[in-house]
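Reader: Could you take me closely through the site of the ligand, and through the pocket that belongs to it?

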Amino acid sequence: MRKNRLPSVKRGLIIVVSAPSGSGKTTLCKKLLETNHKLIYSISATTRAPRAGEFDGKDYFFTNVKIFKKMIKNNEFVEWAEVHGNYYGTPKKYLEKTLSRGYDVILDIDVQGGEAIKNTYPESVLIFIAPPSLDELKKRLVTRAQDNSKTIALRLKNAQKEMSYVKFYDYLVINDKLDTALDQLKSIIRAEHTKIKRHKKPNLYLN
Ligand code: 5GP
């Protein structure tokens, strides 16, 4: 007798997007999420203070160092790192639950996090977004007027270090024109879904 089984759900993809700050990564992720309804944003926890227009539980789970360290101890993160003097971490439970429901999850995390995710989940897709040049990056950081000059200098210094991690990534997208970069991101996700190794039964039509 045939068992009454629920249709099996194909596990979603982990898509890591990393970039030096000011590369347009957040805008690209938002645009991608608007057009791809099978894609869910992984909300990180952070000890950084909220910026104007950011909301707890939407952009980040804003917390303090004491609670963050307790979460590390309780093994609540798949990865965590100190970035620009603050702690950031990816909550494990939500990631696992969302993937097992068949949704892709996008992780907007730094290069240390990217490396850690690749070690834990070798099947994850790592995309590095780079600005067209360091001069252009500086211009963007100054124009967006989000950080003071000391922070901008620190972010620029870190950018060069971050770019040296590109070799650990699967894809490089240069964000010169937003629409072109967005198209490239969409193509990467589409192509990843059609990879033979992601299909449960690649030996089509054979018994
Ligand atoms: P921001 O403070 O500008 O929102 O983020 C600073 C950096 O921290 C960005 O590169 C961002 O991608 C990274 N980040 C955000 N959440 C996480 C996380 O959960 N883990 C890691 N490793 N980095 C994160």
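Author: What follows goes from the shell around the ligand to its polar contacts and then to the pocket.

This is a predicted model, in which local features need pLDDT of at least 70 and side-chain atom pairs count only at pLDDT 80 or more, while totals for chains, interfaces and linings use all residues. Residues are numbered from 1 along each chain as its sequence is written, and side-chain values use heavy atoms, with hydrogens and water left out.

The ligand is surrounded by 17 residues, of which Lys 25, Ser 44, Arg 48, Tyr 60 and Tyr 88 are the closest; a residue counts as near when one of its heavy atoms lies within 4 Å of the molecule. Sorted by class, this shell holds seven charged, five polar and five nonpolar residues, where Asp, Glu, Lys and Arg count as charged, Ala, Val, Leu, Ile, Met, Phe, Trp, Tyr, Cys and Pro as nonpolar, and the others, Gly among them, as polar. Strands E5 (77-83) and E6 (86-91) each supply at least two residues of the shell; helices (H or I, at least four residues) and strands (E, at least two) are DSSP runs, numbered from the N terminus.

Polar contacts, here pairs of N or O atoms within 3.5 Å, link the ligand to several side chains. Arg 48 places a polar side-chain atom 2.5 Å from an oxygen atom of the ligand, and Thr 90 has a polar side-chain atom 3.3 Å from a ligand oxygen atom. On the side of Asp 110, an N or O atom of the side chain is 2.7 Å from a nitrogen atom of the ligand. The protein buries 94% of the 510 Å² that the ligand exposes when taken alone, with areas from the Shrake-Rupley method and a 1.4 Å probe.

The ligand takes up the space of the largest pocket, a pocket being an open set of points on a 1 Å grid over the protein atoms alone, where a 1.4 Å probe fits, with protein on both sides within 12 Å along at least five of seven lines, and lining residues having an atom within 4 Å of a point. About 1000 Å³ of space lies in this pocket, and among its 40 lining residues Lys 25, Thr 26, Arg 51, Tyr 60 and Asp 108 are the closest to its centre. Helix H1 (25-35) gives the largest share of the lining, six residues.

Definitions and conventions. A polar contact is a pair of N or O atoms within 3.5 Å; within protein, one must be able to donate a hydrogen and the other to accept it, and residues adjacent in sequence count only if both atoms are side-chain atoms. A molecule sits in a cavity or pocket if more than half of its atoms lie within 2 Å of its grid points. Grid points are joined across faces, edges and corners, and a volume is the space filled by probe spheres set on the points.
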